[in-house]
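Me: I've got a model open and I'd like to learn how to read it. Can you walk me through it feature by feature?

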Amino acid sequence: MATDVGSTAPRADDADRSYSGDEDVLNEVEVNGNWTPQEKALHEARLKAKAKRRLRKSSSRNSTSESFSESGDLVGADPNSPKGKVNTNDRKSRTGKGRGLPKKGGAGGKGVWGAAGMVYEDEEPDLRDPNYDESSQGDTVYAKVVPEIDEKELGKMVNPIVQEYFEHGDTKEVQIMLKELNLGPHKYEFSSLAVSLSLEGKASHRELTSRLLSDLSVKVMSQNDMARAFDKMLQELPDLILDTPEAPQMLGQFIARAIADHILPMSFLDCHKGKVDCEHARVALDRAAVLLTMKRGIVRLDNVWGVGGGQRPVKHLIKEMNLLLKEYLTSGDVLEAEHCLRDLEVPHFHHELVYEVVVMVLESTGDTASHMMIKLLRSFWETGLITVDQMNRGFQRVYNELPEISLDVPHAHSIMETFVDFCYQESVITKQLRDACPSRGRKRFVSEGDGGVIKN
């Protein structure tokens, strides 16, 4: 077999066809066992060239490169595929650089955390982790930390709590709000601020403050805290007098009530006796000592502030209003009656006063009581002490009970009509309320000879 080595290289297809023909001839020579060394070397060179051509075709088609061994066998080629083509559906790496394993162990994909059925367990902390904290292991307890309130901000936090308490009077709500605050060493100042605010308020506010201190002394504050609070109040009396001239007497009443309620120790007065330089503080301590001496047999000084506002029973309020009106009929002092009514602190119950006024006029004899009561109602109306709603409710109650009142006062209807007209003339009631006054018609006969015909 002769080959022209110096000729031009044939195309790949022609080379494959010529190589296929030469391969058949060489196989026949190999079967006969007549291969020469030159023919055997030529045969191996052609096999390597064929393998290189196939590798170039597959790499150009799939943009991959395949490694091959010295014997010419392809790595990663499917033996069942035609002409040794690479299986494109194989998930193994075709770059020849991987370990030949599926990507992510077969559990890859968008939104996939792991293989199906995989259960993740709690990982044990790594001792070699630089963030490892030995003290944090075990049962971890989380607690809410509230920063301590500064002394300058204490007044801003406490004042709204005390003002709201004066409206609702619920000591438990105040206890809950104080527990949410971290007063720290300034806890005793809450009591002093509450007392200071009550000195500027009404008697009912001071009564509520005494009750609040009594409830707080058990669950929130100790006797030492209360003693510190009243010590501070005694030192601040010169400043408190500027706004409340009666502050020393009131503070003395607070101290007496606190000792009677076991908020302060019995030795509180003895510790300050003869050791106070301030004249106002001595007045307060003397006031407290006098009250305790007078009320030694009583456990609680409940009436030290009186009973004001809605805390009083209804029967007691009615009794106080009747006494107020009887004193007014005796003295005729409108200003004193107005002062007494304001001290009751029950603006929502002023309709009872109007009711009692009208009933007293109906039960009275003569016109003196009627004129005095009209004068009193006119004064209350002009000063705004009694509102339109309270005035209307008081008269309406009398209108509704007028049939029952007529059983005791036969001329109640006529007296009522006259009194209502006078009140309207003095601009005490409205025209609508005057027209609502009930009237009882009288049957008048023309004469006995008319056969009982009623005159229209």
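Reply: Sure. Let's start with contacts: among those in the chain between residues at least 6 apart in sequence, 67% join residues at least 24 apart. Keep in mind that this is a predicted model.

Me: What secondary structure does the chain have, and how many helices and strands are there?

Reply: There are 18 helices and zero strands. As for burial, 33% of the 456 residues of the chain count as buried.

Me: How do I read burial along a helix? Take α5: how many of its residues are buried?

Reply: The general idea first: an α-helix has 3.6 residues a turn, so residues three or four places apart point the same way. Now the case here: helix α5 (residues 189-199) has 10 of its 11 residues buried, so it is largely enclosed by the rest of the structure. Those buried residues are E189, F190, S191, S192, A194, V195, S196, L197, S198 and L199.

Me: What covers the buried residues of α5?

Reply: The cover includes α3 (151-168), α4 (171-180), α6, α7 (223-235), α8 (237-243) and α9. For a single-residue view, pick A194, which is found in helix α5 and counts as buried at 1% relative accessibility. Leaving out residues up to four places away in sequence, A194 touches V162 and T209. You can also check a distance: the C-alpha atoms of A194 and Q163 are separated by 9.0 Å, although the two are 31 residues apart along the chain.

Me: Next, the nonpolar cores. Which residues of the largest one touch the most other members?

Reply: F190, F230, L234, L251, I255, L264 and F268 do, out of 51 residues in that core. The largest share of this core, eight residues, comes from α9. Another core lies apart from it, with 43 residues, among them L385, L402, C423 and L433.

Me: What does F268 touch?

Reply: Not counting residues up to four places away in sequence, F268 touches A227, F230, D231, L234, I255 and L285.

Me: And L402, from the other core: where is it, and is it buried or exposed?

Reply: L402 sits in helix α16, and it is buried, with a relative accessible area of 1%. Its contacts, again not counting residues up to four places away in sequence, are L362, A412, H413, M416 and P438. From L402 to S439 is 9.9 Å, C-alpha to C-alpha, with their positions 37 residues apart in sequence.

Me: What about aromatic rings? How many aromatic pairs does the structure hold?

Reply: Three. For any pair, look at the distance between the ring centres and the angle between the planes; planes under 30 degrees apart count as stacked. F395 and F419 make a stacked pair, at 6.4 Å centre to centre and 20° between the planes. F395 lies in helix α16 (residues 388-408) and F419 in helix α17 (residues 412-425), so this pair ties together parts that are 24 residues apart in sequence.

Me: Are F395 and F419 buried or exposed?

Reply: Buried: F395 has 0% relative accessibility, and F419 has a relative accessible area of 1%. Together with Y399, F395 and F419 form one aromatic cluster.

Me: How should I read a cavity? How many of 30 Å³ or more are there?

Reply: Ask about its volume, then its lining. The structure holds one cavity of 30 Å³ or more, and about 30 Å³ of space lies in the largest cavity. Its lining is S210, L213, F254, R257, A258, D261 and I263. By class, that gives four nonpolar, one polar and two charged residues.

Me: Which helices supply at least two residues of that lining?

Reply: α6 (203-219) and α9 (247-260) each do, and the largest share, three residues, comes from α9.

Me: Last one: backbone torsions. Which residues are worth a look for a positive phi?

Reply: The background is that most residues other than glycine have a negative phi. Here, phi of H262 is near 65°, and phi of S427 is near 60°. H262 lies in the loop between α9 and α10 (268-272), and it is exposed, with a relative accessible area of 54%. S427 lies in the loop between α17 and α18 (431-435).

Terms used:
Residues numbered from 1 in each chain as written. Predicted model: local features only at pLDDT ≥ 70, side-chain atom pairs only at ≥ 80, totals over all residues. Heavy atoms only, no water. 1 Å grid on protein atoms, 1.4 Å probe; cavity = no way out; pocket = protein on both sides within 12 Å on 5 of 7 lines; lining within 4 Å. Points joined across faces, edges and corners; volume = space filled by probe spheres on them. Helix = DSSP H or I, 4+ residues; strand = E, 2+ residues; numbered from the N terminus. Nonpolar A, V, L, I, M, F, W, Y, C, P; charged D, E, K, R; others polar. Core = buried A, V, L, I, M, F, W, Y, C linked by side-chain atoms within 4.5 Å. Buried < 20%, exposed > 50% of the residue type's maximum accessible area, 1.4 Å probe, protein only. Contact = heavy atoms within 4.5 Å. Phe/Tyr/Trp six-rings, centres within 6.5 Å; stacked < 30°, edge-to-face > 60°.
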